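Trainee: I have a new model open. Please show me how to read it.

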Amino acid sequence: MKILKILTLLLASGSLFAQEKPKNVILLVGDGMGLSQISTAFYYKDGPSNFEQFKNIGFIKTSSTSSKVTDSAAGATAFASGKKTYNGAIGVDADTLSIPTIVEELDAINFKTGLISLSTITHATPACFYAHVKSRNMHEEIAEQLAHSQVDFFAGAGLQYFTQRSDKKNLFKEMKLKGYQMDSIGLATSIEPGKKYGFISEKEALPAKHISRGDFHPKATQLALDYLSQSKDGFFLMSEGSFIDWAGHQNNAEMLVAEQLDFDEVLGVVLDFAKKDKNTLVVVTADHETGGVALTKGKTSDELSLKFNTKSHTAALIPIFAYGPGSETFQGIYENNEVYHKIKQLLAL
Ligand SMILES: [Zn+2]
């Protein structure tokens, strides 16, 4: 009788089945990162991979409306806007109609938002979070939409789409006038809460890790977290490990391992933050696998050899990892666009 009474009280207060709600969301996308790519972090890293910290793990199905094998544009539109669309689509549905992105929806309710990419900031994955165009190749149009967006922090490459445009506009200057602190050279060391920040390198992409990128990705992600976490209303950050995909396209094993280990570092930065903060949901996944990578036996039984089956993307199911309030929601096997709906539901939007 007493137990029944306690149970009734718990039910009435909602505490028995209450879903934990995050205040902040960090989405890490390892472009082209399938299970073999992730596995390299377990074989090639000195010390344990940060992927080992996750308890809530699932798989996503990545096909687009136009192909069983998706591209990054359709994949990121599914994450950003919750709808499957055709390959090449940026923030538009299968009928090329604009669909709101989670960044736009959160900006409207005072969340701080941030986007980081190692390729151009107008590249498919970051673009899907703020732009709406029918083709991923429309870089100048995408840059213009970023200039008119409410994104608070961004870092990546592709300055030419802002300053060397066919319409002669200088979006870099326009954004400065709008109040953005724009920097084309490096990342700031101190960052103020009331301002907006854009860091765009002059190149077509940042250098690959095994060439000369250094710690740009973990550093940019830490800087974004230092800045975004000053928000009282919560924040959303998408940070992309862009080159895991490019290593797959190039069938470059050395590049792939270096990029995956760099991504593992970023994961460490994000999980350290989330552990201290306790109100942050971390979701880590990929848009698709690239290269059909296999880890096979090398020359000796101690060595591994990375083999590639294709220079393109593949249709393999993609692992998804979650940490923090609501992370158990990400267990199971589901479509990639469910990621958007799960995040929105957890934020109670
Ligand atoms: Zn690709």
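Trainee: Is His 249 buried, exposed or partly exposed, and why?

Mentor: His 249 is partly exposed, because its relative accessible area is 28%. Buried means under 20%, exposed over 50%, and partly exposed in between (1.4 Å probe, protein chains only). Asp 245 is buried, at 6%. Keep in mind that this is a predicted model: local features need pLDDT of at least 70, side-chain atom pairs count only at pLDDT 80 or more, and totals for chains, interfaces and linings use all residues. Residues are numbered from 1 along each chain as its sequence is written, and side-chain values use heavy atoms, without hydrogens and water.

Trainee: Where do Asp 245 and His 249 lie?

Mentor: Both are in helix 10 (residues 243–249), four residues apart, about one turn of the helix. Helices here are DSSP runs (H or I, at least four residues), numbered from the N terminus.

Trainee: Which residues coordinate the zinc ion?

Mentor: Donors are N, O and S atoms within 2.8 Å of the metal (3.2 Å for Na, K and Ca); water is not among the atoms, so sites may look incomplete. Here Asp 245 gives two OD atoms, while His 249 and His 313 each give NE2, at 2.1 to 2.3 Å. The donor residues follow the spacing D-x3-H-x63-H.

Trainee: What is the geometry of the zinc ion's site?

Mentor: Ideal angles are 109.5 degrees for four tetrahedral donors. Four donors count as tetrahedral if all angles lie between 85 and 135 degrees, and as square planar if opposite donors are over 155 degrees apart and all others between 65 and 115; anything else is irregular. With angles of 57 to 150 degrees among its four donor atoms, the zinc site is irregular.

How values were computed
Four donors count as tetrahedral if all angles lie between 85 and 135 degrees; four count as square planar and six as octahedral if opposite donors are over 155 degrees apart and all others between 65 and 115; anything else is irregular. Helices (H or I, at least four residues) and strands (E, at least two) are DSSP runs, numbered from the N terminus.
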